[in-house]
Amino acid sequence: MTTLEKIAAIEAEMARTQRNKATMGHLGILKARLAKLRRELITPKGGGGPTGEGFDVAKTGDARIGFVGFPSVGKSTLLSNLAGVYSEVAAYEFTTLTTVPGVIKYKGAKIQLLDLPGIIEGAKDGKGRGRQVIAVARTCSLIFIVLDVLKPLQHKRIIEKELEGFGIRLNKEPPQITVRKKDKGGINLQCLVPQSELDTDTVKTILAEYRISNADVVLKTDVTADDLIDVIEGNRIYTPCIYILNKIDQISIEELEIIYKVPHCVPISAHHKWNFDDLLYKTWDYLKLIRIYTKPKGQLPDYESPIILTGERLSVEDFCNKLHKTIMKEFKYALVWGTSVKHNPQKVGKDHILNDEDVVQVVKKV
């Protein structure tokens with residue numbers, strides 16, 4: 001049996017199996033086997049073959065956004081109108097065949113946009129160019145799932161399933177589980193909150209599938225078997241995602257009001273350039289970027305070209321390294337104006353965490 005046939009057989013068995021306390025262990029084994037087979041598909045045995053024309057785009061700017069969606073939902077039109085980049089647009093399916101990069105400047109940050117070729121159902125199983133598309137999607141700081149407003153739900157479910165199959169978890173936090181392997185002592189399970197799905201037997205069964213017989217497992221929140229498998233696999237990527245519902249010029253105002261209440265959704269019209277402001281505002285919010293302004297001694301702050309810090313790297317040391325690698329060798333302290341300090345200016349050390357739009361002056365050792 002090929003890997004794809006094995007995956008199909010396991011999925012069929014999972015669909016047949018009733019979910020109850022007695023079958024939890026069996027379902028856990030099936031889910032673990034499925035995750036292992038999917039990993040084989042993502043990283044095939046043997047040397048890595050060619051990536052294919054146009055897929056290995058160099059990462060530039062402060063953040064990277066991937067446009068994922070079915071063919072002909074308006075991804076290329078959206079990219080063209082947002083970034084002024086020409087990505088071939090036509091009314092037939094599969095117009096874009098390679099990754100088309102574009103860059104927009106927003107609030108001083110350079111954000112790279114990637115128009116990825118259309119995903120088809122079964123991409124995670126190697127159909128079409130889907131595997132290469134999703135491999136690029138794994139490197140993005142944010143994913144835009146572009147949907148046709150007239151058929152959003154069926155497309156949304158299919159794309160989510162494809163991305164899940166490639167270990168991309170959308171709008172989720174990493175599960176609060178620690179699995180610490182040890183040399184002896186068996187499986188020791190510690191639950192800090194009551195569990196609705198996992199018990200000691202289920203955890204042991206899943207770990208046995210990965211040939212782990214000695215480990216300390218701590219569950220800090222109510223988690224599922226899928227969460228435990230994600231932690232053991234260790235190759236999952238937790239990416240924020242915005243669902244862009246395109247072609248709102250084809251629906252009524254009443255329908256638009258309902259769509260606005262859906263979480264993580266932004267309705268737009270790429271063709272008419274409607275609601276781009278709201279999309280960019282939400283993008284900034286999801287990327288969690290902050291702007292830091294530099295202030296040379298005795299001069300006004302430079303508000304034209306801020307230093308952009310991302311994610312968890314928001315300290316004065318990260319700011320100095322972004323300016324130049326050698327600054328930390330001569331660093332004495334920094335003066336900070338802004339919301340991260342109690343009085344302006346405040347003298348801080350390299351571990352001080354900065355907020356958006358702080359002004360920083362670095363003082364070097366004499």
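**Exercise 1.** Place Gly66 in its strand, and decide whether Gly66 is buried or exposed.

*Solution.* Step 1: Gly66 sits in strand E1, residues 63–69. Strands (E, at least two residues) and helices (H or I, at least four) are DSSP runs, numbered from the N terminus. The model is predicted: local features need pLDDT of at least 70, side-chain atom pairs count only at pLDDT 80 or more, and totals for chains, interfaces and linings use all residues. Residues are numbered from 1 along each chain as its sequence is written, and side-chain values use heavy atoms, with hydrogens and water left out.

Step 2: Gly66 counts as buried because its relative accessibility is 0%. Buried means under 20% relative accessible area, exposed over 50%, partly exposed in between (1.4 Å probe, protein chains only).

Step 3: Gly66 and Ile143 are 77 residues apart in sequence, yet 4.9 Å apart in space, C-alpha to C-alpha. Ile143 is also among the contacts of Gly66, leaving aside neighbours within four places in sequence. Contact means heavy atoms within 4.5 Å.

**Exercise 2.** Find which residues of helix H9 are buried, and on which side of H9 they lie.

*Solution.* Step 1: H9 covers residues 276–287. Step 2: its buried residues are Phe276, Leu279, Leu280, Thr283, Trp284, Tyr286 and Leu287. Step 3: they cover an arc of only 165 degrees around the axis, so they lie on the same side of H9. The arc is that of the directions from the helix axis to the C-beta atoms. Step 4: Asp277 and Tyr281, on the other side of H9, are exposed. Step 5: just after H9, Lys288 has a positive phi of about 55 degrees.

**Exercise 3.** Trace the contacts of Leu279.

*Solution.* Step 1: the largest nonpolar core has 51 residues, and Leu279 is one of those with the most contacts inside it. Such a core is a set of buried Ala, Val, Leu, Ile, Met, Phe, Trp, Tyr and Cys residues joined through side-chain atoms within 4.5 Å. Step 2: not counting residues up to four places away in sequence, Leu279 touches Leu78, Leu82, Phe144, Ile242, Ile244, Val266 and Ile268.

**Exercise 4.** Work out which way E12 and E14 run relative to E16.

*Solution.* Step 1: E16 spans residues 358–364, and five of its seven residues are buried. Step 2: E12 and E16 run parallel, joined by three bridges. Two strands pair if DSSP finds at least two bridges between them. Tyr293 stands opposite Val359 in E16. Step 3: E14 and E16 run antiparallel, with six bridges. Val336 has Val360 in E16 as its bridge partner.

How values were computed:
The expected span of a helix is 1.5 Å times one less than its number of residues.
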